[in-house]
Amino acid sequence: MKFIHRIVRLSVVYLFVAVSGCATNVDPPQTGERRYVSADEFKRLVGPEEYARLLREASDRADEVAFELSRAGAVLHFRGPINEKAAIAFEEELGRGATQELRITSDGGSVDAGLRIGRLVRIHGLHVVVEGTCVSSCANYVFTAGRTRTITTGAVVVWHGNTAQKDGREMDQCGAKKSSFDDLPNLPEDFELRRANADEMTRRREAELAFFASVGVDDYIARVGQEPKFYGNFTMSVDAMAMFGLRGVKAPADYGSRRFCQRINRARPEGQLHCIAVTDHMLAYERARRALGEVCQPDGTLRVRTSLD
């Protein structure tokens, strides 16, 4: 499974997902001007099924996108998608000389490659410095694995799910016909793919949980902005990160505040970031979910069991 960083842009209209793009058959604006549209607007333009297909196709093509890896003394610089080729190159580069720090900008990529890079970061005790965006697999596995973690001015760490995210559980357990996150249809080929790869998905989930245990971070950090309420792309304050075991993060004083997100969203109008406040209600929800389990509802969504079930 690959987590999708959804960036929607209208020019001649393209959909960019995980930094790769797919052309659509939508007519361009007559003015010739470039403007940004929201994901909801793009979905209305192409229709929900075509939108879902484009997301899936672009995610499948993520491995084709080039990455950049360079060294300056004991510092590695990484920019681009996290995929198998990037993980191999990263491991090879670590073998070429002493390395102390990883400076990274990435919109994420595959779970397996992210886990591989994250393990290497932990084994080599690298200090992780986010210079631009660190999204999805970068946030889940690379940022969390750092010996120290620093978010530079103007940079942002973005979570939006992991292998246990709720919309996937609803497909597997309830046969949900659409995502409870964004109302996109779950296509027949998606169900087929999940069934065909059920053993691999279980292995990946177990590997992810083992990884989070090894770095001392609760994996709910990647889902707290999805359930019980869905926010989409989200980040949080340094104090909130510490609630999940991600301690000692260095970041600008207002990182994760409402003002911070307003500033980021003005600078990057193609995607909306939510700075969430982690509440006791959220934490209680996840404790109850783990302790009691879940039940399917008639509409295909999941809810936490109660003593009455």
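## Helix H7 and its two sides

In this predicted model, the face of helix H7 that is turned away from the buried side of the helix carries the exposed residues Pro188, Glu192 and Ala196. The buried residues of H7, a helix that spans residues 188-196, are Asp190, Phe191 and Arg194. These buried residues cover an arc of only 100° around the axis, and therefore they sit on the same side of H7.

## Strand S8 and its partners

Strand S8, which runs over residues 127-135, is mostly covered, since 7 of its 9 residues are buried. S8 pairs with S7 in the parallel sense, and 5 bridges make up this pairing; within it, Ser106 stands opposite Cys134 of S8. The path between these two strands involves helix H4 (residues 111-123), and S7, H4 and S8 together make a right-handed β-α-β unit.

S8 also pairs in the parallel sense with strand S9 (residues 149-151), here over 3 bridges, and Val130 has Ile151 in S9 as its bridge partner. To reach S9 from S8, the chain passes through helix H5 (residues 137-143), and this β-α-β crossover is likewise right-handed. A further parallel pairing, with 3 bridges, joins S8 to strand S10 (residues 156-158), where Val157 is the bridge partner of Cys134. Cys134 thus appears in two of the pairings described here, opposite Ser106 and as the partner of Val157 in S10.

## Thr105 in strand S7

Thr105 belongs to strand S7, which covers residues 101-106. How far is Thr105 accessible, and does the residue count as buried or exposed? Thr105 counts as buried because its relative accessibility is 11%, which is below the 20% limit used for that class.

When neighbours within four places in sequence are left aside, the residues in contact with Thr105 are Phe78, Arg79, Gly80, Glu131, Gly132 and Thr133. For one of these residues, Gly132, a polar approach can be specified: a polar atom of the Thr105 side chain lies 3.2 Å from the backbone nitrogen of Gly132. The parallel pairing of S7 with S8 over 5 bridges gives the setting for this part of the description, with Thr105 placed in S7.

## Glu93 in helix H3

Glu93 lies in helix H3, a helix made of residues 84-94, and with a relative accessibility of 16% Glu93 counts as buried. Apart from neighbours within four places in sequence, Glu93 is in contact with Leu69, Arg71 and Leu76. For the pair of Glu93 and Arg71, the C-alpha atoms are 8.3 Å apart in space, while the two residues are separated by 22 residues in sequence.

## Disulfides

How many disulfides does the structure hold? The structure holds 3 disulfides, and when the bonded cysteines are counted along the chain, their pattern is 1-2, 3-6, 4-5. One of them joins Cys134 to Cys138, with an S to S distance of 2.0 Å; the angle about its S-S bond is -100°, and the link is left-handed. Both Cys134 and Cys138 are buried.

Another disulfide joins Cys174 to Cys296, with the sulfur atoms 2.1 Å apart, and the link of Cys174 and Cys296 is left-handed, with -85° about the S-S bond. Because Cys174 lies in helix H6 (residues 166-174) and Cys296 in strand S13 (residues 294-296), the pair ties together parts that are 122 residues apart in sequence. Cys296 is partly exposed, with a relative accessible area of 40%. Cys261 and Cys275 also form a disulfide, in which the sulfur atoms are 2.1 Å apart, and with 90° about the S-S bond this link is right-handed. Here Cys261 lies in helix H10 (residues 258-267) and Cys275 in strand S12 (residues 273-275), so the pair ties together parts that are 14 residues apart in sequence. Cys261 is buried, with a relative accessible area of 5%, whereas Cys275 counts as partly exposed at 21% relative accessibility.

Methods:
Residues numbered from 1 in each chain as written. Predicted model: local features only at pLDDT ≥ 70, side-chain atom pairs only at ≥ 80, totals over all residues. Heavy atoms only, no water. Helix = DSSP H or I, 4+ residues; strand = E, 2+ residues; numbered from the N terminus. Buried < 20%, exposed > 50% of the residue type's maximum accessible area, 1.4 Å probe, protein only. Polar contact = N/O pair within 3.5 Å; in protein donor to acceptor, adjacent residues only side chain to side chain. Contact = heavy atoms within 4.5 Å. Disulfide = S-S within 2.5 Å. Arc of directions from axis to C-beta. Pairing = 2+ DSSP bridges. Right-handed = clockwise from strand over helix to strand, strands pointing away.
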